[in-house]
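Here is a short tour for anyone who likes to read a fold strand by strand. Take a moment with the sequence and the model, and then we can walk through them together.

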Amino acid sequence: MRASPRTLNPSKIVGGAPELKHVDQILHARWVIPVEPDVGALAHHCVAITGDRIVDILLSANARDTYTANIELEFTNHALIPGFINCHTHAAMTLFRGLADDLPLQSWLEDYIWPTEARCVDRAFVYDGTILAVAEMLRGGTTCFNDMYFFPDEAAAAAIEAGIRAVVGMIVIGHPSAWANNAREYLHNGQRVHDRYRFHPLVQTAFAPHAPYTVDDETLTRIAMIAEELDVPIHMHIHETEREVNAAIADNGRRPLSRLADLGLLSHRLMAVHMTALTADEINRIATAGVSVIHCPESNLKLASGFCPLATLLDAGINVALGTDGAASNNDLDMLGEMRTAALLAKGVANDACAAPAAQILRLATYGGAKALGMENDLGSLSTGKFADITAIDLGGFRAAPMYNPIAQIVYAGHRDQVTNVWVGGRRVVADRQLTNIDEDELNRTAEGWRDRISQHQ
Ligand SMILES: [Zn+2]
């Protein structure tokens with residue numbers, strides 16, 4: 001008996017062969033973990049990229065019948081995940097890494113960090129320190145960072161040079177610096193940076209008032225208003241310690257969050273960093289307002305700042321992102337490490353082993369950050385139409401064997417040395433563990449030069 005001929009779609013046939021669509025790159029991997037939607041780890045899938053965007057995610061076996069590509073790479077033992085979004089950094093402070101350890105927040109800031117900043121921080125410090133930070137972040141799989149520091153235009157220049165995505169903070173703080181002398185100047189200089197980078201593909205801006213205790217009411221009201229006009233987020237340390245809250249009550253009779261609410265700051269624009277001292281009413285209030293919380297567990301632990309109630313915030317439906325804080329209080333910018341600490345700490349604080357499961361923690365480090373920045377339509381997951389910001393993690397070898405659950409393995413035991421390749425907007429910025437845009441030897445020489453200069457002043 002003859003088999004009946006297959007019906008072929010004429011539109012798919014050119015000269016007898018199926019018509020293949022062309023894309024720039026196809027990345028095949030043992031697992032693709034999109035994060036959003038929460039579909040777990042897709043085995044033997046690939047990501048198709050054209051320009052700076054993802055155009056498809058499909059089974060590798062089907063890709064060969066669907067696409068041709070200029071570049072096709074195989075990652076046989078790897079998981080491809082969305083690049084990490086480090087949602088709270090002071091990138092240039094890498095140059096203060098290890099300068100003052102084992103101190104509480106106020107003494108660390110007032111006796112060490114602020115005096116050293118007053119002596120040393122200038123344009124070159126911020127550029128060199130940010131390049132050092134970016135090198136570390138890229139090698140650890142981070143593709144976007146949300147920064148708060150002086151000379152944000154230098155931080156932007158460093159990010160562009162290295163090819164990483166950045167949200168640079170229009171910083172405002174109640175004391176003069178080399179960047180600005182007073183609140184009016186801080187606002188003015190920040191908005192010039194905003195104007196300069198407003199259409200740049202890699203750089204965006206956010207207002208970055210340092211903290212409730214370093215920025216006055218008039219300035220905060222103005223920031224709330226201009227943030228609305230410019231459509232940018234607001235990035236601020238809030239309720240970092242119980243001591244901060246008690247000092248505010250002693251000064252003006254109110255908890256900082258209540259004051260910020262009266263000034264019009266509690267909204268979906270606000271990224272509230274730390275939030276260790278919170279009442280049940282305050283949690284309800286920020287949930288209703290749509291505030292995002294940026295959780296920095298390692299900085300909080302090192303400075304003994306208190307515990308952010310992560311599981312309670314997630315139960316209340318609050319969007320939470322993860323940040324490392326500056327390297328001076330961490331002492332690294334390692335989002336894999338931060339995920340592990342966040343996961344373990346959440347269980348300890350909630351006294352519940354089921355709290356903050358692995359997939360949820362990976363989501364905080366990626367999609368949660370994108371949402372906090374108002375960029376969830378472009379970043380934070382491996383989805384068709386989003387930027388191709390992708391991290392490849394090698395899960396091969398006996399240290400990760402046998403492999404049952406790649407997401408749990410990444411969150412509970414992933415190490416940044418397992419990050420082998422990183423793409424930002426489709427550009428490969430880490431290739432086989434090598435930075436493609438940064439000279440590592442020069443990086444070391446520059447950092448050592450700064451150490452000698454800064455040490456002279458100690
Ligand atoms: Zn900070």
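Leaving aside its neighbours within four places in sequence, which residues is Gln418 in contact with? They are Ala392, Ile393, Asp394, Leu395, Ala413 and Arg433. Please keep in mind that this is a predicted model. The points below start from Gln418, move out into the sheet, and then visit the zinc ion and some backbone details.

**Around Gln418**

- Gln418 sits in the loop between helix H14 (406-413) and strand S16.
- With a relative accessible area of 12%, Gln418 is buried, because buried means under 20%.
- The side chain of Gln418 comes to 2.7 Å from the backbone nitrogen of His415.
- Among the contacts of Gln418 are Ala392, Ile393 and Asp394, and these three also appear among the buried residues of strand S15.

**Strand S15 and its partners**

- S15 covers residues 390-394, and five of its five residues are buried, so the strand is mostly covered.
- In a regular strand the side chains alternate between the two faces of the sheet.
- In S15, Ile390, Ala392 and Asp394 point one way, while Thr391 and Ile393 point the other way. Residues on both sides are buried.
- On one side, S15 pairs with strand S6 (residues 67-82) in the antiparallel sense, over five bridges.
- Two of the partnerships between these strands can be named: Ala79 is bridged to Ile393, and His78 to Asp394.
- S15 also pairs with S16, again in the antiparallel sense, over four bridges. Here Ala392 has Asn421 as its bridge partner.

**The open sheet**

- S15 belongs to an open sheet of eight strands, whose order is S5-S4-S3-S6-S15-S16-S17-S18.
- The pairing in this sheet is mixed.
- Its edges are strand S5 (53-59) and strand S18 (434-435), each of which pairs on one side only.
- Helix H3 (residues 123-139) lies across strand S16 (419-424), strand S17 (427-431) and S18. The helix runs at about 115° to S16.

**Strand S8 and its neighbours**

- Strand S8 (residues 142-147) is mostly covered, with six of its six residues buried.
- Strand S7 (residues 84-89) runs parallel to S8, and four bridges join the two. Asn86 stands opposite Phe145 of S8.
- S8 pairs with strand S9 (residues 165-172) as well, in the parallel sense and over four bridges.
- Phe145 has a bridge partner in S9 too, namely Ala166.

**The zinc ion**

- Which residues coordinate the zinc ion? The donors are His88 (NE2), His90 (NE2), His237 (NE2) and Asp325 (OD), at 2.1 to 2.3 Å.
- Along the chain, these donors follow the spacing H-x1-H-x146-H-x87-D.
- Why is the arrangement irregular? The four donor atoms subtend angles of 87 to 172° around the zinc ion. A tetrahedral site would need all angles to lie between 85 and 135 degrees, so the upper end of the range rules that label out.
- His88 is buried, with a relative accessible area of 0%.
- His90 counts as buried as well, at 10% relative accessibility.

**Backbone details**

- Most residues other than glycine have a negative phi, and most peptide bonds are trans. The next points are the ones to check against that background.
- The peptide bond from Glu36 to Pro37 is cis, with omega near 0°. Pro37 lies in the loop between strand S3 (21-32) and strand S4 (42-50).
- Ala401 and Pro402 are also joined by a cis peptide bond, with omega at about -10°. Pro402 is found in the loop between S15 and H14.
- His44 has a positive phi, near 50°, and is not a glycine. His44 belongs to strand S4 and counts as partly exposed, at 44% relative accessibility.
- Asp432 has a positive phi of about 50° and is located in the loop between S17 and S18.
- Is Asp432 buried or exposed? At 54% relative accessibility, Asp432 counts as exposed, because the cut-off is over 50%.

Definitions and conventions
Residues are numbered from 1 along each chain as its sequence is written. This is a predicted model: local features need pLDDT of at least 70, side-chain atom pairs count only at pLDDT 80 or more; totals for chains, interfaces and linings use all residues. Side-chain values use heavy atoms; hydrogens and water are left out. Two strands pair if DSSP finds at least two bridges between them. Contact means heavy atoms within 4.5 Å. Axes are lines fitted to C-alpha atoms, for helices over the stretch in contact, and angles run from 0 to 180 degrees between N-to-C directions. Donors are N, O and S atoms within 2.8 Å of the metal (3.2 Å for Na, K and Ca); water is not among the atoms, so sites may look incomplete. Four donors count as tetrahedral if all angles lie between 85 and 135 degrees; four count as square planar and six as octahedral if opposite donors are over 155 degrees apart and all others between 65 and 115; anything else is irregular. Buried means under 20% relative accessible area, exposed over 50%, partly exposed in between (1.4 Å probe, protein chains only). A polar contact is a pair of N or O atoms within 3.5 Å; within protein, one must be able to donate a hydrogen and the other to accept it, and residues adjacent in sequence count only if both atoms are side-chain atoms.
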